[in-house]
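Welcome to a short set of exercises on reading a protein model. Try each task by yourself before you look at its solution.

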Amino acid sequence: MGERGWWRAAALVSGGYLAAALLGRLLADPYAGVTFCPANGLYLAALLLYPTRRWPLVFAVTLPLQLLVGIGAGDEMLPIAWGWAASTAEVLLAAGLLRRVVTAPLRIDTVRDVVWLTVASAVVAPAAGAL
């Protein structure tokens, strides 16, 4: 993919991430905060689809969007940034684990791969993030 293609892909990730982050806010419990974050699923998918050398582009796209959504909801900037850092750490952990155990190219088309996706993204990464 050429340089223009990467920027188009980043724009698509941006739009999807923004929509998913806003959806997460709509589904949020006013007393518990955001307990389900669809944006993290898209974040993980972007990391799994992009080569690792392009991951900084994904990081650069998601942080300002997370700040935009959070500040728009009345949150303060520092907790939003810490939340983004925690989400990034969780997604990095899940992506790294999946890249080690799922055969390339990542297709998630076998039961084994789906189980690993579930374990990495719904068990291991959130548990590590809760520490």
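Helices here are DSSP runs of H or I with at least four residues, numbered from the N terminus. By that numbering, Asn 40 sits in helix α2. Please keep in mind that the model is predicted.

**Exercise 1. The overall fold**

Work out how many helices and strands the chain has, and how its radius of gyration compares with the globule rule.

Solution.
- Step 1: Count the elements. The chain has five helices and zero strands.
- Step 2: Put them in order along the sequence. The pattern reads α-α-α-α-α.
- Step 3: Compare the radius of gyration with the rule. The chain has a value of 15 Å, close to the 14 Å that the globule rule gives for 131 residues, so the chain is as compact as a globular protein of that length.
- Step 4: Draw a box along the principal axes. The C-alpha atoms fill roughly 40 × 35 × 20 Å.

**Exercise 2. Surface and interior**

Find what share of the residues is buried, and what share of the accessible surface belongs to carbon and sulfur atoms.

Solution.
- Step 1: Recall the cut-off: buried means under 20% relative accessible area. Buried residues make up 32% of the 131 residues in the chain.
- Step 2: Turn to the surface. The accessible surface comes to about 7900 Å², and 69% of this area belongs to carbon and sulfur atoms.
- Step 3: Look at how the sequence folds back on itself. Take the contacts between residues at least 6 apart in sequence: 61% of them join residues at least 24 apart.

**Exercise 3. Charges and salt bridges**

Locate the salt bridges of the structure and decide for Asp 113 whether the residue is buried or exposed.

Solution.
- Step 1: Start with a general idea. Side chains of opposite charge can pair when their charged atoms come close.
- Step 2: Check the charges of this chain. The mean positions of its 9 positive and 7 negative charges are 15 Å apart.
- Step 3: Search for pairs. The whole structure holds two salt bridges.
- Step 4: Take the pair of Asp 75 and Arg 25, whose closest N and O atoms are 2.3 Å apart. This pair links distant parts of the chain: Asp 75 belongs to the loop between α3 (55–72) and α4 (77–101), while Arg 25 belongs to helix α1 (residues 3–26), 50 residues apart.
- Step 5: Ask how open these two residues are. Asp 75 is partly exposed at 31% relative accessible area, and Arg 25 is partly exposed at 30%.
- Step 6: Take the pair of Arg 112 and Asp 113, where the closest N and O atoms are 3.5 Å apart. Arg 112 is partly exposed, with a relative accessible area of 45%, whereas Asp 113 counts as buried at 5% relative accessibility.

**Exercise 4. Partners of helix α2**

Find which residues Asn 40 touches, not counting residues up to four places away in sequence.

Solution.
- Step 1: Place the residue. Asn 40 is in helix α2, and at 17% relative accessibility Asn 40 counts as buried.
- Step 2: List the contacts. Leaving out residues up to four places away in sequence, Asn 40 touches Ser 87, Glu 90 and Val 91.
- Step 3: Compare sequence with space. Asn 40 and Glu 90 are 50 residues apart in sequence, and their C-alpha atoms are 8.8 Å apart.
- Step 4: Try another residue of helix α2 (residues 38–49), Ala 45. Ala 45 is partly exposed, with a relative accessible area of 33%, and its C-alpha atom is 14 Å from that of Ala 89, 44 residues apart along the chain.

**Exercise 5. A helix residue and a loop residue**

Decide whether Thr 88 is buried or exposed, and say where Ile 108 is placed.

Solution.
- Step 1: Begin with Thr 88, which lies in helix α4. Its relative accessibility is 7%, so Thr 88 counts as buried.
- Step 2: Name its partners. Not counting residues up to four places away in sequence, Thr 88 touches Tyr 43 and Phe 59.
- Step 3: Move on to Ile 108, in the loop between α4 and α5 (111–130). Ile 108 is partly exposed, with a relative accessible area of 25%.
- Step 4: List the contacts of Ile 108. With residues up to four places away left out, Ile 108 touches Val 102, Asp 113, Val 114 and Leu 117.

Key:
Residues are numbered from 1 along each chain as its sequence is written. This is a predicted model: local features need pLDDT of at least 70, side-chain atom pairs count only at pLDDT 80 or more; totals for chains, interfaces and linings use all residues. Side-chain values use heavy atoms; hydrogens and water are left out. Helices (H or I, at least four residues) and strands (E, at least two) are DSSP runs, numbered from the N terminus. The radius of gyration is taken over C-alpha atoms; the globule rule is 2.2 Å times the number of residues to the power 0.38. Buried means under 20% relative accessible area, exposed over 50%, partly exposed in between (1.4 Å probe, protein chains only). Contact means heavy atoms within 4.5 Å. Accessible areas come from the Shrake-Rupley method with a 1.4 Å probe; for residues, only the protein chains shown count as cover. Lys and Arg count as positive and Asp and Glu as negative; His and the chain ends are not counted. The place of a charge is taken as NZ of Lys, CZ of Arg, CG of Asp or CD of Glu. A salt bridge is a side-chain nitrogen of Lys or Arg within 4 Å of a carboxyl oxygen of Asp or Glu.
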